Amino acid sequence: MTAITTAALTRRYGNRTVIDALTVDVPAGGVVGLVGPNGSGKSTLIRMLLGLVAPTSGTAYVLGRSIDDPSSYLSRVGALVESPSFVPALSARANLLSLARLRGLPASRVDEVLDVVGLSGRDREPVRRFSLGMKQRLGIAAALLPDPELLVLDEPTNGLDPAGIVEVRALLRRLGESGRTVLVSSHLLAEIQAACDALIVIRFGQLVYAGPTMGLLARGAEHVDVVPERDADRAALLLALRQAGWDDIDEQPSALRLSGVGDSVAAEINRVAFAA
C-alpha cells in the first residue's frame, strides 16, 4: 500500500530543474522522512503534492487520486507548510475554532487535537506568549483538524531548540503509531531519523535513497579509506589487505574503502602494508 506515488515527476523554473523526473513510492502508515539539503526540492515536491504548484511533466497520485485534481483528495490531507500563522492576540483555542468553522468541522475536534499535541492546559493563552516549539505544535494541531489520512509537515523542527526538537519528534512518533501516514521533511537527518520508519532522500531534485530508515543508516556505517602513497602500489595493497582477512573492500576511484571498521584498525592496516 502506498500513500503517495510519483512517476517521472518534474518541475522546472526557466532553465532550472528543481524536481528531476522523480519516481518514488511513499508507503502508507507510519512516519516517512523526506530528507535533503536546502535547495534539494523538498518544498517544491510538497507543493506539487498539495496542488499548490503544477508539475512541468510527469504525474503523481496522493491517496490514489491524481494531483491533476487536488479537490478529490485534499479533504483527506492535513498540511503544515513552512511556519504556521495565527492571530497573536487570540488564544490557541480561538484560533483553532476559527479554522474549524472555516472548514465546516465540528468544534469538538478542537479539544481532540489540542490533547493530541499536548496543549490542552495552555489552550486559553494568547498565541503571542507561545514559544516557537508550542507554535509548531499548534500548527500541527491545525493540520490535524480534519482527522486526515495523510499528514504533510514541511520542516516542522526548523529553528527549534533541542528541547523543542525532542517534543516534535515524540509527537511525530505518536502520530505515526495512530495509523495515519505522516510525511515530514527536514534538511537535517539527525533531527527526525529517530521518529521515521522510512526515508526518502533527494538531492538536486533527484532520488538518492528510498527505503527503511535502518537501511540508510547501515549505508553510513563506519569505514576506513586507505590510499597508497604511490598509485602504482594500489593493486599490491589491495591484495595484501584481502590476504589479511579484509573481504569487504570497495574499490573507489580515490581510495580502497574498508566497510564496517573504525579508525582503530589503522595501525593494523599500516603493519600489513609495511609487511607487503
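1. Residues are called buried here when their relative accessible area is under 20%. The model under review is predicted. In helix H3, which spans residues 108-116, the buried residues are Arg-109, Val-110, Val-113 and Leu-114. Viewed along the axis of H3, these buried residues fall within an arc of 130°, so they line one face of the helix. This agrees with a general property of such helices: with 3.6 residues a turn, residues three or four places apart point the same way. The cover over the buried residues of H3 includes helix H2 (92-102) and helix H4.

2. Just after H3, Gly-118 adopts a positive phi of about 75°. The backbone oxygen of Gly-118 also lies 3.4 Å from a polar atom of the Arg-137 side chain. Arg-137 belongs to helix H4, residues 132-144.

3. Is Arg-137 buried or exposed? With a relative accessible area of 14%, Arg-137 is buried, because the cut-off for that class is under 20%. Leaving aside neighbours within four places in sequence, Arg-137 is in contact with Val-117, Gly-118, Leu-119, Glu-167 and Leu-171.

4. The sheet to be examined is open and has 6 strands in the order S6-S7-S8-S3-S9-S10, with mixed pairing. Strands S6 (77-80) and S10 (206-212) stand at the edges with a single partner strand each, so one side of each has no neighbour in the sheet. On average, neighbouring strands of this sheet are turned by 15° against each other, direction ignored.

5. Strand S9 (residues 198-203) pairs with S10 in the antiparallel sense over 6 bridges. Within this pairing, Val-201 has Tyr-209 of S10 as its bridge partner. The loop between S9 and S10 contains Phe-204. Phi of Phe-204 is near 55°, a positive value in a residue other than glycine. At 55% relative accessibility, Phe-204 counts as exposed, because that class begins over 50%.

6. Glu-155 may be set beside Phe-204. Phi of Glu-155 is likewise positive and near 55°, in a residue other than glycine. Most residues other than glycine have a negative phi. Glu-155 is located in the loop between S7 and H5. Its relative accessible area is 12%, so Glu-155 is buried, whereas Phe-204 is exposed.

7. Helix H5, residues 162-177, lies across three strands of the model: S3 (30-35), S7 (150-154) and S8 (181-186). The helix runs at about 150° to S8.

8. Which residues touch the most other members of the largest nonpolar core? Among its 39 residues, they are Leu-96, Leu-138, Ile-140, Leu-151 and Leu-153. At least two residues of this core come from each of S3, H2, H3, H4, S7, H5, S8 and S9. H4 gives the most, with 7 residues. Such grouping follows a general tendency of soluble globular proteins, in which nonpolar side chains tend to be buried together.

9. Leu-151 deserves a separate entry. Not counting residues up to four places away in sequence, Leu-151 touches Gly-78, Ala-79, Ile-140, Ala-143, Leu-144, Leu-175, Arg-180, Thr-181, Val-182 and Leu-183. Apart from the core of Leu-151 lies another core, of 27 residues, including Ala-3, Val-26, Ile-67 and Ala-198.

Notes: Residues numbered from 1 in each chain as written. Predicted model: local features only at pLDDT ≥ 70, side-chain atom pairs only at ≥ 80, totals over all residues. Heavy atoms only, no water. Helix = DSSP H or I, 4+ residues; strand = E, 2+ residues; numbered from the N terminus. Buried < 20%, exposed > 50% of the residue type's maximum accessible area, 1.4 Å probe, protein only. Polar contact = N/O pair within 3.5 Å; in protein donor to acceptor, adjacent residues only side chain to side chain. Contact = heavy atoms within 4.5 Å. Pairing = 2+ DSSP bridges. Axes fitted to C-alpha atoms, helices over the stretch in contact; angles between N-to-C directions. Arc of directions from axis to C-beta. Core = buried A, V, L, I, M, F, W, Y, C linked by side-chain atoms within 4.5 Å.
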